[in-house]
Amino acid sequence: MGGYDVAALLVTLGLFAGIYVLGRVKVNFSLLTIGALALGVGVGVVFEGHLDYVEPVGKVYLNLLLAIVAPLIMVSILSSITSLGTTAQLRTIGARSVGWLLGLNALAVLLTLGLALELGLGKGADIKIGETNTSALENIKKPFSEVFIDFFPTNIVADIAETNVIPIILFSVMLAVAYALVAEKAPATVAPFKGFIDALREIIYRAVGFVIALTPYAVLSLTAVATARAAGQWSQMVSLLGVLGLAWFACFFHAYVINGVLLRVFGDVNPIRFFRKMVPAQLTAFTTQSSAGTLPVTTRLLRERIGVPSDIAGFTAPLGTTIGMPGCAGVWPILLAVFGVNALGISWGIQDYVVLVLLGVIVSVGTAGVPGTATITATTVLTAAGLPLELVAITLPVSMVADMARTLDNVTSAAVAATIVARQEGRLDDAVFDGLVVPDDISGELIDSDPGVPIGACALPTPTPQGATA
């Protein structure tokens, strides 16, 4: 057995070397990542059950991503708000961000409910309730009042350690607003603080670039492990393929079709070009299954490829890892609810489904952008709707596979919300979207017009002639 584990590691290292060489010769970064995804599937199938030495690579990448999330949120919000002349702009950005994030989740809820009811999801399913242990699910239920209280920081160090996004955002906004009030009366007093934040921002952004450069290697490792695990549970998944298939369809339809229409109508943005530019974030989300972990990739792409200003990208995208979350809070809980109602022959009326829709929107407030979140939201929704928790337990084998599509939808929707907010604020930079200039606040580096080059990662920054940037 040990020999197969070593063979899997050697093969993976060989593939890593190939990825490195291709990266050095400037092969399109998105193609590298997609290729790594395909290679990961192959490694997972060939070496199923023998990936103990390969799995740590993906876990290290996840740890690095999560380690940079809290500093990135804090420095983005602080540097963005300290650069604003007034807090009025923050209020409009905040209201619009929350509105669009919740609105996108509501559309996912309605889409999923319509599809599940139309297709009769769960009818004729052979499931047995009462034989599954749900004690662990009972322990993760949280009333909304407790969720709301947890929004507010009590120990910011602990919140940073646990990547509690909402408390970090609120604490950062509080510091930034306090800075703005002091700066109005004594700007010289707080000037060193602003200089420190600006310098820290450049350092954090550079560190994010280093982590992003590791994405193809992590994608290969994570995909291999996920494929192997899914193959090992295939016999358990057969009866639940309808739920899994509909989950994937709903997530991809929402991510690309609904978001695409909204981008065109409300953002005046070409959706095909937008999605092409966001491929690295979507693949990172698909493989890491962590919206929070993908955040460094998402915010950097929004700034440097889409043209979203730093203050909006640094506020709306992090907010989207805990509010909205259409894949985890919209699609999955609704699917399980309808599946359970039909499979168990429960009689539900219109008012019951209205309550279900409201629950799907409400639980999206405070949803954590980490793997496994959908299990928590589904548990909360089913409990509030009076449905048995066994529905969550028996769908856990397919939930892992569904989480790939759910996270992609979450990240895509947060990016779409940030883009639309930037357009409605009149601040979306079309020249950046077209690849003509770089945003003013990203240290003056030029961006290669080829979107395949990893942003700020694999190459040294291109020197910028004086006056070359807008």
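The side chains of D434 and R273 come together in a salt bridge, 3.2 Å from N to O. For a pair to earn that name, a side-chain nitrogen of Lys or Arg has to sit within 4 Å of a carboxyl oxygen of Asp or Glu. D434 is found in the segment after α22 (430-433) and R273 in helix α13 (residues 271-277), so this bridge ties together parts that are 161 residues apart in sequence. Helices here are DSSP runs of H or I with at least four residues, strands are runs of E with at least two, and both are numbered from the N terminus. This is a predicted model, in which local features need pLDDT of at least 70 and side-chain atom pairs count only at pLDDT 80 or more, while totals for chains, interfaces and linings use all residues. Residues are numbered from 1 along each chain as its sequence is written, and side-chain values use heavy atoms, with hydrogens and water left out.

How open to the outside are the two partners? D434 counts as partly exposed at 39% relative accessibility, and R273 is partly exposed too, with a relative accessible area of 27%. The labels work like this: buried means under 20% relative accessible area, exposed means over 50%, and partly exposed is in between, using a 1.4 Å probe and protein chains only.

The structure holds six salt bridges. Another of them joins the side chains of R427 and D311, at 2.7 Å from N to O. R427 lies in the loop between α21 (396-424) and α22, and D311 in helix α16 (residues 310-319), so here the parts tied together are 116 residues apart in sequence. R427 is partly exposed at 26% relative accessibility, whereas D311 is buried, with a relative accessible area of 9%. D430 and R423 also meet through their side chains in a salt bridge, again with 2.7 Å from N to O. D430 counts as partly exposed, at 36% relative accessibility.

Stepping back to the whole chain, there are 22 helices and zero strands. Of the 470 residues in the protein chain, 54% are buried. The accessible surface comes to about 19,300 Å², and 66% of it belongs to carbon and sulfur atoms; such areas come from the Shrake-Rupley method with a 1.4 Å probe, and for residues only the protein chains shown count as cover. Contacts (heavy atoms within 4.5 Å) often span a long stretch of sequence: among those between residues at least 6 apart, 84% join residues at least 24 apart.

One helix to look at is α17 (residues 326-344). Its 19 residues reach 26 Å from the first C-alpha to the last, close to the 27 Å expected at 1.5 Å a residue; that expected span is 1.5 Å times one less than the number of residues. Since 18 of the 19 residues of α17 are buried, the helix is largely enclosed by the rest of the structure. Right after α17 comes G345, whose phi is positive, near 70°.

Aromatic rings come next. A search of the whole structure finds ten aromatic pairs. Rings of Phe, Tyr and Trp (its six-membered ring) pair if their centres lie within 6.5 Å; planes under 30 degrees apart count as stacked, over 60 as edge-to-face, and the rest as tilted. W100 and F266 have ring centres 5.1 Å apart and planes at 65°, so they form an edge-to-face pair. This pair links distant parts of the chain, with W100 in helix α4 (residues 88-119) and F266 in helix α12 (residues 241-266), 166 residues apart. W100 is buried, at 16% relative accessible area, whereas F266 is partly exposed, at 39%. W348 and Y353 make an edge-to-face pair as well, 5.2 Å centre to centre with 75° between the planes, and both W348 and Y353 are buried. Elsewhere, ring pairs link W248, F252, Y256, F274, F275 and F286 into a cluster.

On the outside, V6, L10, L13 and Y53 make a nonpolar surface patch of about 380 Å². Patches are made of residues with over 30% relative accessible area and no salt bridge, joining like charges within 9 Å and nonpolar side chains (Val, Leu, Ile, Met, Phe, Trp, Tyr) within 5 Å. V6 sits in helix α1 (residues 2-24) and is partly exposed, with a relative accessible area of 38%. V46, in helix α2 (residues 29-46), is exposed, with a relative accessible area of 61%. V46 and A224 are 178 residues apart in sequence and 9.3 Å apart in space, C-alpha to C-alpha.
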